[in-house]
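Visitor: Could you give me a close look at one part of this model, beginning with a single backbone position and working outwards from there? Please spell out the cut-offs as you go.

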Amino acid sequence: MSAAQLHAATAVAPQAGDVLSIENLRVSYGSRFNAVPAVRNATFSVARDEVFGLVGESGSGKSTLSMAILRLLPAQAHCEADRMRLGDTDLMAAGPAALRQLRWTRLSYIPQGSMGVLNPVMRVREQFLDTIADHTQGAQRREIEGRIETVLAGVNLRPAVLDQFPHELSGGMKQRVCIALAILLEPELIIADEPTSALDVVSQRQVLETLSSARRRIGASMIMIGHDMALQAQLADRIGIMFAGRFVEIGPTRAIFEAPRHPYTQRLIGAIPSIRRRQDIGELARRGLEHADGATASAHPDLPLREVSAGHFAAIEL
Ligand SMILES: Nc1ncnc2c1ncn2[C@@H]1O[C@H](COP(=O)(O)OP(=O)(O)OP(=O)(O)O)[C@@H](O)[C@H]1O
Ligand SMILES: [Mg+2]
């Protein structure tokens, strides 16, 4: 049994050895007196070497959750958690210097579109050297600098891209550069927020396959945000489904697809066989299914997650 399967068979609460463990994470935007909640009491964890797929309608809080983990929320956000740990490190207690140090080395991020990470006025080589210089010293620095071309080859990029500026690369190439940066220092956890949503369907699949094999090679865990349920089925070990800022279902991928329990998940999964084209599945998730059947999808808005079968939790009445 792999670490991920073992984890799936246990519980939604943190387990020893989890790469990431979060209890009751709450994020709201706005002032203290006029706060709009975006993530409500999120409790979940990610095991070593596990791919955790994160799905949910637009505005359900997926990016906010990612930014909270990265501690990169904007100033108007208010974030609290009973626990948020990366391995043994308390992310809520870590100061700015500690957080800067662990980004890229222990925790990396692939954003939707790549420009947030890539500096438009720097050649790709400089971006790699900068990231390395900020986080390594001496022999280790030289060793990693010597590996840049190998890491690029691992994401199907030729060394020539090192001498180019981001605007000289296609969208897919930029995403590959971001993936190479995200895996370069072999972090424990990669957060990929819709890493391919800006690409055409063919590039999407290629880039995701590249990301997934690169992740496997370094043994990192990954939170993979994406609307495409077919791809999630293929790549994720477990899936968490968010609706209106809450997790409404978390479980092993197989259980989620074979026996979805929350009405929102059921509609998400139920829609797949009747829809031929991949884009349509993505579009359906993007729009949110509450528009299709508001009464059903929001029938149990505030119930806590309960275990419905081994490692499978849903916010439903039992
Ligand atoms: N900087 C911000 N200031 C105020 N409200 C915000 C901010 N960012 C997000 N929100 C709000 O928080 C909620 C969650 O947004 P978030 O971006 O996390 O959703 P998402 O699940 O990532 O959606 P999408 O699938 O469209 O990317 C939404 O209601 C959104 O309007
Ligand atoms: Mg988002």
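Guide: Asn-24 has its place in strand 1 (residues 20-29), where strands (E, at least two residues) and helices (H or I, at least four) are DSSP runs numbered from the N terminus. This is a predicted model, in which local features need pLDDT of at least 70 and side-chain atom pairs count only at pLDDT 80 or more, while totals for chains, interfaces and linings use all residues. Residues are numbered from 1 along each chain as its sequence is written, and chains are lettered from A and ligands numbered from 1 in the order in which they are written.

What draws the eye is the backbone: phi of Asn-24 is near 50 degrees, a positive value in a residue other than glycine. Most residues other than glycine have a negative phi. Asn-24 counts as partly exposed because it has 13 C-beta neighbours inside 10 Å; with C-beta atoms placed from the backbone, 20 or more others within 10 Å make a residue buried, 12 or fewer make it exposed, and anything in between is partly exposed.

Glu-194 also has a positive phi, near 45 degrees, and is not a glycine. Its setting is the loop between strand 8 and helix 8 (201-218), and Glu-194 counts as buried because 21 C-beta neighbours lie inside 10 Å.

Back at strand 1, residue Ser-28 has its C-alpha atom 9.1 Å from that of Glu-80, 52 residues away along the chain. Glu-80 belongs to strand 4 (residues 77-80) and, with 12 C-beta neighbours inside 10 Å, counts as exposed.

Next comes ligand 1. Its shell includes Tyr-29, Ala-38, Pro-74 and Gln-76, along with Gly-59, Ser-60, Gly-61 and Lys-62; a residue is near a molecule if its C-beta atom, placed from the backbone, lies within 6 Å of it. By class there are three nonpolar, eight polar and one charged residues, where Ala, Val, Leu, Ile, Met, Phe, Trp, Tyr, Cys and Pro are nonpolar, Asp, Glu, Lys and Arg charged, and the others, Gly among them, polar. Helix 2 (residues 62-70) supplies the largest share of this shell, three residues.

Helix 2 also leads to the sheet: it lies across strands 3, 7, 8, 9 and 10, running at about 150 degrees to strand 8. Here axes are lines fitted to C-alpha atoms, for helices over the stretch in contact, and angles run from 0 to 180 degrees between N-to-C directions. Eight strands form an open sheet in the order 7-8-9-3-10-11-13-12, with mixed pairing; strands pair if DSSP finds at least two bridges between them. Strand 7 (107-110) and strand 12 (306-309) each have a single partner strand, so one side of each has no neighbour in the sheet. From one strand to the next the twist averages 20 degrees. Strand 3 (residues 51-56) runs parallel to strand 9 (residues 221-225), joined by four bridges, and Gly-53 stands opposite Met-224 of strand 9.

The interior rounds off the tour. The largest nonpolar core, a set of buried Ala, Val, Leu, Ile, Met, Phe, Trp, Tyr and Cys residues joined through C-beta atoms within 7 Å, has 80 residues, with Leu-189 among those making the most contacts inside it. Helix 7 (residues 171-184) gives the most to this core, nine residues. Beyond neighbours within four places in sequence, Leu-189 is in contact with residues including Val-19, Leu-20 and Ala-220, contact meaning C-beta atoms, placed from the backbone, within 7 Å.

How values were computed:
Contact = placed C-beta atoms within 7 Å.
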